[in-house]
Amino acid sequence: MNTLKLRKLWVPLAVAAAFAVPQMARAGIYVQCPGDTDGDAKWDTPGEVQPPDTHCMHISGGDGYSVMADGKQLYTFGFSDLTGIKRGTGSIDARLDAGILAATQPAPTIELKEGEQFYLTLSNVGMVLRPDLFDPHSVHFHGFPNAAAIFDGLPEASIVINMGGSLTYFYNIVEPGTFIYHCHVEATEHMEMGMLGQLFVKPAQDGQTFEYPLGSGKTYTQFVYNDGDGATGYDKSYALQFGSFDHVFHEEHIGVQPLPFANLISSYTFINGRGYPDTVNPAALPSAADNPRATDNGGTVATGQPLSALVEIDRASEGSTLLLRLSNLSVADFFSVTALGLPMRVVGQGARILRGGGEVTGKDLSYNTNVVTLGGGETHDVLIDTSGVPAGTYFLYTTNLNFLSNGAEDYGGLMTEIVITN
Amino acid sequence: MTQLLNRLAALGGIALALWLVATGQAVAAIAGITGPNFNLTARTGYISTADGNSVLAWGYANGATMQYPGPTLIVNQGETVTVTLTNSLAVPTSLVFPGQSGVSTNSNCGGAGTGTGVGLMTCEALPAGTVTYTFTATQPGTYLYHSGTKPALQVEMGLVGALIVRPPVANQAYDHPDSAYDREYLLLLTEMDPDIHNQVARGNLSPDMTNYFAVQWFINGRNAMDTMLDDNLPLMPHQPYGSMVLAHPGEKVLARLISAGRDLHPFHFHGNNVTVIARDGRLLESQPGVSGPDLSWSDFTITAVPGATYDALFQWTGKNLGWDIYGTAAINPHTCTDDGSGFDALTKEWCDDHYKPIPVSLPNLQDVTVGMSYSGSPYLGATGALPPGQGGYNPYSGYFYMWHSHTEKELTNNDIFPGGMMTMFVVVPRAYPLP
């Protein structure tokens, strides 16, 4: 019997085993969101009222599959977006069902606005292809200022949610900037397996108009930070998260073997969960054929990699200043990246404006460069002024050239294209 | 998973038990030896790694006991520092002091028991020999010292340590009030390839360093969870320095971060951003002595590059969480009087959030896995119900935050998770005095 068929059998069995036992399913999926009455983290049912400045989201923590740019399929852990899904009337909670084997690379992007109160519900749908595991999951809002231990996602210091349950995190969003989020349970394993996502907060200053530089005639209404003068203004933004997988780790994992922590290397590198040339595919990548719940296998999971890494800007209609929110969540390596032929200006890092002390009133420390370097857990806000460059296709890639590969296949990996039109 | 958590809890339990036994030792000041005159001996010894192994190492001793890292040398700005190095190793060794200028060696250099020559960074002490190094500590700050003899091997073997130069004003890192702190901690980062040490132990004193591959990561010479044990534990005679960071809400913590090994480490601070005010023993200032650290930057991760030192200020207040970390009136009756800064002068509570409850209900205990340092309550200083045998390793009901390398593979001890380059920062309620 081939393993795919075996896994198809496992899924309903595992789901049943994990959630049919009454005492384990006691709490079940429980979404907390003020004003929401039907547990979908949305205010779309008649009678539901969204309180001002309230933001809700529901995500799963579980397993899934990812397809590398050379076609290799890797078993992964990850989050998926369950926002908007209601419980339904079936014997299995439809929200739970939707999260199973639906992990995405990267995790659903969390986009917030300064001043919001953010209710993030994490439901642990279990790793059904590893029925021997009973791992909890968590969300670590990486860089959250003055974090409270209970919502920091650190398993040693708080509580983390078991399979079949939900935990709602609460964050009072007071700082704009580029953050990241990831699971912190058994951090090396769960992060190598792919529980990694992008998170950024838009500043209260958005919507105001600043001319920058003064006298240039260039005006902005979107900003990276509350800069007070428009210095972090941009016209269009993209969030690009770097990462890497060691395929051996993932293969040993689905093979229920001891995990190679010490020998961990970056054999596949990527941006937004996909290697070049998949990075420039504007569409979601089809779900891996190995995923028993893939739509091709008659399931409901259409993709494990929904987010493109292609950067496009049409200067005629969109303006000329690009913001790239860069982050790295590799568990093994630093990456330096360049945007060949395009000027980079670093205006923020670590979710703070690049001014003295990280304060808006501090001395300007922003700088022009061709290369930025990010280790795991680092973020940089990079502005690219495209007004002086010819239209065309430009490449953003790691200057650690050994990582420009998809496994053994040369010319791939951590690279994407920036397409500039007039 | 459960097994791993249990293992973690057990380790934590041992750590905490030892930590409690050892309380009473001062943790406020950085452990080390004060100058300006030091006698160091390069010796061999065995260090304990948290995977249960025992590894041959070379290190500097203040007396008979070799230690990893070497003794933290603490001197005052302006002092003439003399370090006399005696070599008990079978190979020549030496000392270099990056960041110090005008380091001279004694007139004996090149004479009996010493060596000089082309290609040497400094005067060496031959086996059984002695060399004296002298310099004036002109600039305050955080520095490194290590062997200048075959440093790829000898620093890997453990011949490395920290040097702290204090300015005249107490509780300041530099000659500027913006570098003032309430508590200071040293975080010296290194990594290790035990194969190199095994080759040396077998008598190969020139092992091949080209296949170097680190599988052990340390803060102050210990792997997690040993990092959280107290200083000077009898169980770890050759690794006297812990790195658990304790502070009250609102206190300014100075983290003296040193990247003393050969790899880069993205060192991440849970709890809040840090402000990096100095790099390599120099305040980040546009006008030395005048402007203060106006070139400092804020980040949640420091890219610690080999050989560099960073002085970072960290402060945790719980400001703007949207709920009262000290709990509601029902849980903990208390007052909050805004002193004009938004905080209560005494408790450092953020008064805007006074008595606001936590805005969500937490899952039932049956549905969660409880961390060893969870008090049972989301509120600071409060306790709550815990499942039998879980949690409880948090006598202060403080908040625990991990400070660690975000190259997460470095959170392992020779293939075993968890461990490695990781320690905890604890927000201790003000009701509990800290030394």
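## Helix H3 of chain B, the strands of chain A, and the contact between the chains

Helix H3(B), residues 194-201, has Ile196(B), His197(B) and Val200(B) as its buried residues. Seen down the axis of H3(B), these buried residues fall within an arc of 95 degrees, so they line one face of the helix. What covers them includes two elements of chain B, namely strand E3 (54-61) and helix H2 (151-157). After H3(B) comes Gly203(B), which has a positive phi near 105 degrees. The model described here is a predicted one.

### Chain A as a whole

Chain A has 422 residues, and 59% of them count as buried. Its secondary structure comes to 5 helices and 27 strands. Along the principal axes, the C-alpha atoms of chain A fill a box of roughly 70 × 55 × 40 Å.

Does the radius of gyration point to a compact or an extended chain A? A compact globule with 422 residues would have a radius of gyration near 22 Å, and chain A has 22 Å, so the value agrees with that of a compact globule.

The contacts in chain A can also be sorted by separation along the sequence. Among contacts with a separation of 6 or more, 70% are between residues 24 or more positions apart.

### Strand E19 of chain A and its partners

Strand E19(A) covers residues 344-349 and pairs in the antiparallel sense with strand E21(A), residues 367-369, over 3 bridges. Here Met344(A) has Thr369(A) in E21(A) as its bridge partner.

E19(A) also pairs with strand E23(A), residues 378-385, in the antiparallel sense and over 4 bridges. In this pair, Val346(A) stands opposite Val382(A).

Another partner of E19(A) is strand E20(A), residues 352-353, again antiparallel, with 2 bridges. Gln349(A) and Arg352(A) are bridge partners there. E19(A) and E20(A) form a hairpin with 2 residues between the strands, and in this hairpin Gly350(A) takes a positive phi near 60 degrees.

In a regular strand the side chains alternate between the two faces of the sheet.

### Where the chains meet

How many residues of chain A are in contact with chain B? There are 61 such residues in chain A, and they are in contact with 60 residues of chain B. On the chain A side, at least two residues each come from strand E4 (117-126), strand E6 (159-161), strand E7 (166-172) and helix H3 (187-192). E7(A) supplies the largest share of this side, with 5 residues. Sorted by class, the side of chain A that touches chain B has 30 nonpolar, 22 polar and 9 charged residues.

Strand pairing also crosses from one chain to the other. E6(A) pairs with strand E23(B), residues 368-370, in the antiparallel sense over 3 bridges. In this pair Ile161(A) stands opposite Val368(B) of E23(B).

### Backbone angles in loops

Most residues other than glycine have a negative phi, and most peptide bonds are trans. The table lists some places in the model that depart from this pattern.

| Place | Backbone feature | Value |
|---|---|---|
| Tyr276(A) to Pro277(A) | cis peptide bond | omega near 10 degrees |
| Phe417(B) to Pro418(B) | cis peptide bond | omega near 0 degrees |
| Asn272(A) | positive phi, not a glycine | about 50 degrees |
| Lys150(B) | positive phi, not a glycine | about 40 degrees |

In chain A, Pro277(A) is found in the loop between strand E15 (268-271) and strand E16 (311-314). Asn272(A) also lies in the loop between E15 and E16 of chain A.

In chain B, Pro418(B) is placed in the loop between strand E24 (399-405) and strand E25 (422-427). Lys150(B) has its place in the loop between strand E11 (141-146) and H2 of chain B. That helix, H2(B), is among the elements that cover the buried residues of H3(B).

Is Asn272(A) buried or exposed? Asn272(A) has 23 C-beta neighbours inside 10 Å and therefore counts as buried, the cut-off being 20 or more. Lys150(B) has 18 C-beta neighbours inside 10 Å, so Lys150(B) counts as partly exposed.

Note on methods: Residues numbered from 1 in each chain as written. Chains lettered and ligands numbered in written order. Predicted model: local features only at pLDDT ≥ 70, side-chain atom pairs only at ≥ 80, totals over all residues. Contact = placed C-beta atoms within 7 Å. Nonpolar A, V, L, I, M, F, W, Y, C, P; charged D, E, K, R; others polar. Pairing = 2+ DSSP bridges. Rg over C-alpha atoms; globule rule 2.2 N^0.38 Å. Buried ≥ 20, exposed ≤ 12 C-beta atoms within 10 Å, placed from the backbone. Arc of directions from axis to C-beta.
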